[in-house]
Every structure is written in structure tokens, then in C-alpha cells.
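This note is addressed to a colleague who has not yet met the structure. The points below begin with a single residue and then move outward to the chain as a whole.

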Amino acid sequence: MIDEEVITRRDKVGGRRWTIAWLLGLGVLVNYFDRVNLSVSHAALNATFGISDVVFGYLSSAYNLTYAICQLPVGLLLDRFGVRRVGRISTLLWSLASFAAAAASSIAGFFGARFLLGVGEAPTFPANAKAIGLWFPAKERSFATSIFDAAAKFASAIGVPVIGVLLVKVGWRWSFAATGFVSLLYFGIFSKVYRDPDDDARLTEAERTYITEDSAGQLNHELGERASLGHLIRQKKVLGLAIGFGAYNYSFYLLLTWLPSYLASALHLDLLHSFLYTGVPWLFATACDLGAGLGADALIQRGWDASRVRKTILVAGTAFGLGILGATHAHTPAQALFWISLCIGGLSAAAPIGWSIPSMISPRGSVGTVGGIINFSGQISGIAAPILTGYVVHATGSYKWVFGIAAIYLAIGIASYVLLLGKIEPVPAEAGV
């Protein structure tokens, strides 16, 4: 049973933290419009620049390359300068990158725009993980995290059809310009609204107390000093989470960049219908993402073991991701959408749980760094998935091995969660700190 006094007090403290959570979710929604824009534009870019499937694979990974390179320094910058300062610079950069893509006169220029987009969006998820750690008590972090993580899926659900229609009506250059304008608008909103709790004049003392009330129960870990990068990457828990996220992100970026092309070529759908059908799995993924975060917090607040709840969802959700194997035998759009929805739905249930963990296993001063490590691993997979897919499709003319490789990686990720991550608790303190 939930303590009625806790519910009453929670209802009275105010909801500034939830404003911040939805703000972060809006940011992810906007920057994933920038990401899915490329997958929608595959055929149009081929017509403009004459690119092959292999070149498209490299182009899809260009963003992830600079994104991955920036992860470790971004984590350190976040811990040094804070979410607001780094976030303002990053949102401005990703806006400029969309305009640069719209104006590109050659494939080299388009590559440059995607490289800039990766730099601009690199802080997003580590910054959000850090912000949620600052703004929410541990018992609410799963759902708060799922708000911004689900936005990544919802962006594909609505972005692919909307941008697809826009592309068909006015061309790919205007579709990129449109995401640039939306990104610039978010830059203004973020600059006006976001503050850390210590600097937010709209945060009441009652809500501030509610946010920090369980800090004493976290072994003073949330109040500790920064740990070094070398110390953190040697921790089994950090490595286990990083490998698992790498497996998740491989499948995620495979579907993010190639799903419309798969539906169009392998299942012989016309371009517009492939855009519309692509939204179905991502809508299911959005619901699973939010449901998992809300369900985890509800169980934990009812007294269930927090580590066991999160670990179960993390492992079970990733296991459902193996449903991607079913797509290797799909012969109709309905069959393909069923298996892909099962896959991305399970992975989406696991994702917000995974993103809530850095703030629970790392020292408070190092949450950004741990988030950077996790995201670096994910983005290495984000680089590999589109490129490898391009080569496999070019060589075999089939997606069977494309999905098979993803399933093998997911099995490795499940093993890393079980054997390396273990119980979700703070990592050992660094000697001498």
C-alpha cells in the first residue's frame, strides 16, 4: 500500500519538476525530427546526388560519428558547466545543422551538415539523465526518464509520416529547413525555461524538500565528489550498462534509419505507404516506453524491491527485442509490423529504465560522465548499424542477416545486464576521493 501521507504531501508540493521533464521530452522530440528526416529522404537524396545503399549507410552514420566522439568530453563538460549552459549551445548548433543540410549543394556538404548535427545533439541524453537526477527523487525517475525517452519513439511515429508528406509535397530541402525552424524555436523555449533546481525561482521550498528527501538513503553517494573517467570505466556495473545500451542502440538505429527503405523494397510498398506504415511500430514503442516508466515507479512506491523491478524490466524488455528475428520471415506488411513492433516495443520498455540508472550508480558529481560513457557505447552501435546494413543489403539483396546480426548483439546485451550490471546500487568509491 502507498502511504496516504506521502500521496497528500506529494500532491501539495507543486509540479515544477514535471514542467522540466516535459521540456526535456520536447527537446528530444525536436532533435529526433532532425534524425528521422534523413531516413525519409533516402530516395530523394539518391535522385539528387546519385548515392548508393552503401553511401546512404555511411551518410546515416555520419551524425553518429561526431555524436560518439563528443560523448566523453560532453559528459565532463556537463559535470563542469551544467545542463543549462551546455544545453543552450547544443540546441543552437543542431538548429544550424538542419539549415546547413537544407542548403547543401553536394553530398560532401550534406555530410558536413550531418557531422555538425552530431556535435550539436551529443549532450542531449547525458544532459537529460543528469537533469532528471537533479530534479527528481529516485522513486520518480523511471517515469520522468520515460517522458524524454518516449519522445524519441514518438518523433519517429509522427515525424516519418509528416516529414514524408512534406517531402512529397515541397521537396527534401524544405523538409530539412522546416526541422531547422522548429529546432530554433526550441532553443528559445529551453533558454527561457530551464534552470537547475538551485537556480530556479519558481521551485517552491516544499518541492525542493520533496526532491531531496531521499538523498540521505543513497549512501551519501548522491552527495559525493566527482570520480575520474578511468575509475568509472573500470566498474563492472558501468560496463554492463554500456554494453547493454550498445545492443539496444544497434537495433534502434537500424530501424530508425532503414525501416522505411525495408518496407518499401523488401515488402514492395510505395514510398508514401512506407512512410505511413513506419509510424505504427513507433507508436507502439511510445506507449511501451511510457508504460514501463510509469509501472516501474508505481511498483517501487508500493514497496517492491527497486533494483529487482528495474532489472526485470531491463532484461525482459531487451529479450522481447529478439522479436526482430521474426521479421526475417515476414512476407506481408502486417507480419513485418507485428514483429518489428514487438521488438521495438520491448526495447523501448527497457530504455527509460536504463537511462534512469546512471544517476543511481554514479556519484552525483559524475552522472554526466557516466551518461556520456553509456551514450558513447550506444553511438558506436549507431555508427555501425546503418553502415553494416548498407553493405549487407547491397551484397545479399535481403534483410535476413541484417536482423540476425541485431538479434545476436541483443543476446550479448542481455548477458551483460545479468552478469555485469548486477544489482542496481552505487559503484565502489574511488580510493583517495
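1. The model is a predicted one. Within it, leaving aside residues up to four places away in sequence, Tyr32 touches Phe125, Ala152, Ala155, Phe252, Tyr253 and Leu256.

2. Tyr32 also belongs to a wider group. The largest nonpolar core comprises 122 residues, and Tyr32 is listed among those with the most contacts inside it, together with Phe110, Tyr194, Phe252, Tyr262, Trp282 and Phe403. The greatest contribution to this core comes from helix H12, residues 236-265, which supplies 16 residues. As a general remark, nonpolar side chains in soluble globular proteins tend to be buried together.

3. Helix H12 also holds Tyr250. Is Tyr250 buried or exposed? Its relative accessible area is 4%, and the limit for a buried residue is under 20%, so Tyr250 counts as buried. Apart from residues up to four places away in sequence, Tyr250 touches Ser381, Ala384, Ala385, Leu388, Ile405, Ala406 and Tyr409. Arg16, by contrast, lies 234 residues from Tyr250 along the chain, and the C-alpha atoms of these two residues are separated by 35 Å.

4. Ala100 may be set beside Tyr250. This alanine is found in helix H5, which spans residues 83-103. With a relative accessible area of 33%, Ala100 is partly exposed, because that class covers values between 20% and 50%. Leu388, one of the residues that Tyr250 touches, is 288 residues away from Ala100 in sequence and 27 Å away in space, C-alpha to C-alpha.

5. The secondary structure of the protein chain consists of 18 helices and zero strands. The radius of gyration is 21 Å, close to the 22 Å that the globule rule gives for 433 residues, so the chain is as compact as a globular protein of that length. Computed along the principal axes, the box filled by the C-alpha atoms is roughly 60 × 45 × 40 Å.

6. Burial and contacts may be read together for the whole chain. Of its 433 residues, 59% count as buried. Among contacts with a separation of 6 or more, 87% are between residues 24 or more positions apart.

7. The surface and the charges complete the description. The protein chain exposes about 16,600 Å², of which carbon and sulfur atoms supply 67%. There are 32 positive and 26 negative charges, and their mean positions are 4 Å apart.

Notes. Residues are numbered from 1 along each chain as its sequence is written. This is a predicted model: local features need pLDDT of at least 70, side-chain atom pairs count only at pLDDT 80 or more; totals for chains, interfaces and linings use all residues. Side-chain values use heavy atoms; hydrogens and water are left out. Helices (H or I, at least four residues) and strands (E, at least two) are DSSP runs, numbered from the N terminus. The radius of gyration is taken over C-alpha atoms; the globule rule is 2.2 Å times the number of residues to the power 0.38. Buried means under 20% relative accessible area, exposed over 50%, partly exposed in between (1.4 Å probe, protein chains only). Contact means heavy atoms within 4.5 Å. Accessible areas come from the Shrake-Rupley method with a 1.4 Å probe; for residues, only the protein chains shown count as cover. Lys and Arg count as positive and Asp and Glu as negative; His and the chain ends are not counted. The place of a charge is taken as NZ of Lys, CZ of Arg, CG of Asp or CD of Glu. A nonpolar core is a set of buried Ala, Val, Leu, Ile, Met, Phe, Trp, Tyr and Cys residues joined through side-chain atoms within 4.5 Å.
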